[in-house]
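Please examine the sequence and the model shown below. The paragraphs that follow lead through selected features of the structure.

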Amino acid sequence: MKRYRFFLMTVFVFACVIGSEAPVVAAEEAPSMSGNAVSTRDPGIPLDQLELLLRPLTKTELVIEADAWLQILKAKVKQISDAEIAVKKKNEQIAKAEEVADAAKAAREAAEEARKAKETASREGGLEAAKEAAEAAKEAEKKAAEVKKVAEEVGKAEKQAEADEAIRAATEDALEKAAEKAEETDSAHRVPAPEADKLDAGIKALKSKDAKEPDKLKEVAEAAKAAASTKAEVKIKLLENVTDLRNERTAMIDLMNVVLNELEKKGGEVEDYRKYVTAVSGIKIDVTDSSAAWMSMVGWLKSEEGGLRWVWNIAKFLLTIAAFYILSLIMGKAVEKMIGTSRRVSTLLRDFLYKAVRRTVIMVGVIMALAALEINIGPVMAVIGAAGFVIAFALQGTLSNFASGIMILMYRPFDVGDIVDAGGVTGKVRSTNLVSTHIRTFDNKSMIVPNNEIWGGVITNSTGTKKRRVDMVFGIGYGDDIAKAQGILEKITNDHELVLKDPEPDIKVHELADSSVNFICRPWVKTADYWTVYWDVTRAVKEEFDRQGVSIPFPQRDIHLYQEALENAAR
């Protein structure tokens with residue numbers, strides 16, 4: 001019974017503990033699961049602070065943040081679109097106002113001609129003059145009707161613009177910002193007055209019954225010009241506001257990219273977000289409106305988030321490239337100096353390490369410079385990694401040469417300047433890399449030999465050692481004195497200044513050939529003196545043999561003719 005009570009008490013206490021802790025856990029998890037974004041409370045948050053704020057968030061929470069920033073960006077893009085539509089509407093209104101001014105001017109000229117024709121008809125009389133006066137009056141009424149028609153179109157356009165809340169809001173926002181800038185900078189630049197105040201007189205004049213009078217038409221033309229000028233000023237403010245809105249959009253895109261980068265690190269899907277960002281970024285210039293296009297370009301070039309930003313980015317790109325280029329020279333020289341004193345390092349390996357270090361440093365610099373241009377190098381590196389397998393498969397032969405080049409550099413079968421016979425080519429090695437070796441033949445042909453062919457075959461290095469033996473064979477006749485000939489050979493080799501004393505030359509009777517008794521003459525020389533000694537000794541032996549009467553035989557053949565065979569053939 002006591003055990004049962006103890007068990008019940010234990011369960012009760014455990015339940016109380018869980019119950020007391022549950023609200024705390026729920027309270028701690030509530031902010032993350034509430035669905036409210038935390039990073040959008042301050043849309044102007046610095047990028048580094050935003051990165052720190054997003055670091056502890058989970059993938060689910062980051063999705064909420066990305067959606068919130070997407071809505072903010074969408075609202076800003078809508079503002080830009082409304083302002084651009086307002087600019088187009090202003091272009092239409094300016095064109096209509098200018099059309100009114102031109103029509104009023106034409107109507108005024110027609111009214112003047114009608115008045116003059118009427119005065120002429122009343123003064124001179126006659127049917128022809130009266131007819132011309134009637135035609136002039138009819139033309140003046142036609143022009144006045146055109147003015148009224150255009151006036152009605154202007155009135156409709158004004159009403160439509162006033163009814164469109166988005167256009168009205170974009171215009172008001174542009175004018176308010178222009179006024180604020182004028183106040184902040186104490187600028188004397190005049191902010192346009194409300195358009196209705198300037199257009200009232202013109203619209204009333206256009207709708208009046210005496211619109212065909214010259215003075216009234218003059219008033220109409222002046223009002224239309226003033227309206228066009230005012231609308232042009234408003235258009236300028238709209239374009240300036242579009243530039244400001246684009247700068248704000250660029251700043252928001254930067255913030256959203258930080259969110260998307262963090263979401264991508266934690267396994268979230270960001271492709272749709274990035275597609276939207278790409279679609280709404282950049283600027284679109286209307287080439288049909290030269291003034292708007294010019295102002296857009298100038299505004300972008302002068303803006304901190306536009307031209308100035310890219311000027312700084314390009315400057316950072318060039319400075320980074322230049323800095324890493326200089327660093328590559330310094331690193332290359334340091335490596336060259338560090339390994340230059342080692343006798344175990346070949347010239348080929350030293351040149352390879354020098355170039356490899358320089359190219360690696362420059363490659364790192366290019367990657368960092370691309371980052372300075374605001375290029376996301378993560379996808380670039382991923383593409384390079386994915387393409388590596390395809391490239392490796394397509395370049396199997398080249399990779400084989402690459403591996404052979406590494407083996408050549410490691411085992412050093414030859415060096416720059418050596419005379420080799422490798423890959424079926426004989427000549428002096430000029431340079432080598434991981435793919436091929438450059439050999440200059442003795443007849444001055446430049447041969448590029450794949451490393452795979454060199455490493456896969458026999459490599460003969462004629463200058464790989466400091467000493468070489470010169471192998472020569474000299475023959476004398478069977479009737480000549482062998483001791484005399486050997487003495488001549490020994491004297492010539494011993495007297496030559498380039499022949500080494502150690503090891504001693506080998507001069508022996510080597511072979512009793514068909515036509516001669518052959519001596520071998522094998523002096524040792526420095527590798528660089530090989531051909532000099534070979535040519536000098538050969539010439540000296542010929543001259544000395546001739547002087548001392550030692551013959552140098554040449555192959556002979558005796559032909560025997562049998563007369564008996566010819567006589568038998570004649571019978």
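**A guided reading of the model**

P503 lies in the loop between α15 and β8; such helices (H or I, at least four residues) and strands (E, at least two) are DSSP runs, numbered from the N terminus. The peptide bond that joins D502 to P503 is cis, its omega being near 0°. The model is a predicted one, in which local features need pLDDT of at least 70 and side-chain atom pairs count only at pLDDT 80 or more, while totals for chains, interfaces and linings use all residues. Residues are numbered from 1 along each chain as its sequence is written, and side-chain values use heavy atoms, with hydrogens and water left out.

The loop that holds P503 connects to a helix and to a strand, and each of these may be taken in turn. Helix α15 (residues 482–495) packs with helix α16 (residues 530–548) at an angle of about 140°, and their axes are 10 Å apart. Here the axes are lines fitted to C-alpha atoms, for helices over the stretch in contact, and angles run from 0 to 180 degrees between N-to-C directions. The helices α15 and α16 are therefore oblique to each other. In this scheme, angles under 35 degrees count as roughly parallel, over 145 as roughly antiparallel, 65 to 115 as roughly perpendicular, and the rest as oblique. The crossing of α15 and α16 is right-handed, a term that applies if the near helix is turned clockwise from the far one by less than a right angle, whereas an anticlockwise turn is left-handed.

Which residues make the contact between the two helices? From α15 come K484, A485, I488, L489 and I492, and from α16 come V537, A540, V541, E544, F545 and Q548; contact means heavy atoms within 4.5 Å. By class, the residues of this contact comprise 8 nonpolar, 1 polar and 2 charged. Ala, Val, Leu, Ile, Met, Phe, Trp, Tyr, Cys and Pro count as nonpolar, Asp, Glu, Lys and Arg as charged, and the others, Gly among them, as polar.

On the other side of the P503 loop is β8, which belongs to an open sheet. Strands of a sheet pair through backbone hydrogen bonds, either parallel or antiparallel. The sheet has 3 strands in the order β7-β9-β8, with antiparallel pairing; two strands pair if DSSP finds at least two bridges between them. The edges are occupied by β7 (472–476) and β8 (506–512), each with a single partner strand, so one side of each is left without a neighbour in the sheet. From one strand to the next, the twist averages 30°.

Between β7 and strand β9 (residues 517–522), the antiparallel pairing extends over 5 bridges. Within this pairing, G475 has N518 of β9 as its bridge partner, and I476 stands opposite V517. The antiparallel pairing of β8 with β9 extends over 6 bridges. There, V509 has F519 of β9 as its bridge partner, and D506 stands opposite R522. The strands β8 and β9 form a hairpin, with 4 residues between them.

Is β9 largely enclosed or largely open? Of its 6 residues, 5 are buried, so β9 is largely enclosed by the rest of the structure. Buried means under 20% relative accessible area, exposed over 50%, and partly exposed in between (1.4 Å probe, protein chains only).

Some loop residues also deserve attention. R412, in the loop between α13 (396–411) and β1 (419–422), has a phi near 50°, a positive value in a residue other than glycine. R412 is partly exposed, at a relative accessible area of 35%. N444, in the loop between β3 (436–440) and β4 (446–450), likewise has a positive phi, near 65°. N444 counts as exposed, at 56% relative accessibility.

Two further positions show how residues separated in sequence are placed in space. I419 is in strand β1; its C-alpha is 5.4 Å from that of S462, 43 residues away in sequence. With neighbours within four places in sequence left aside, I419 contacts G427, K428, F442, T460, N461, S462 and T463. G44 is in the loop between α1 (2–33) and α2 (47–54) and is exposed, with a relative accessible area of 58%. The C-alpha atoms of G44 and E248 are 9.4 Å apart, with these positions 204 residues apart along the chain counted as their separation.
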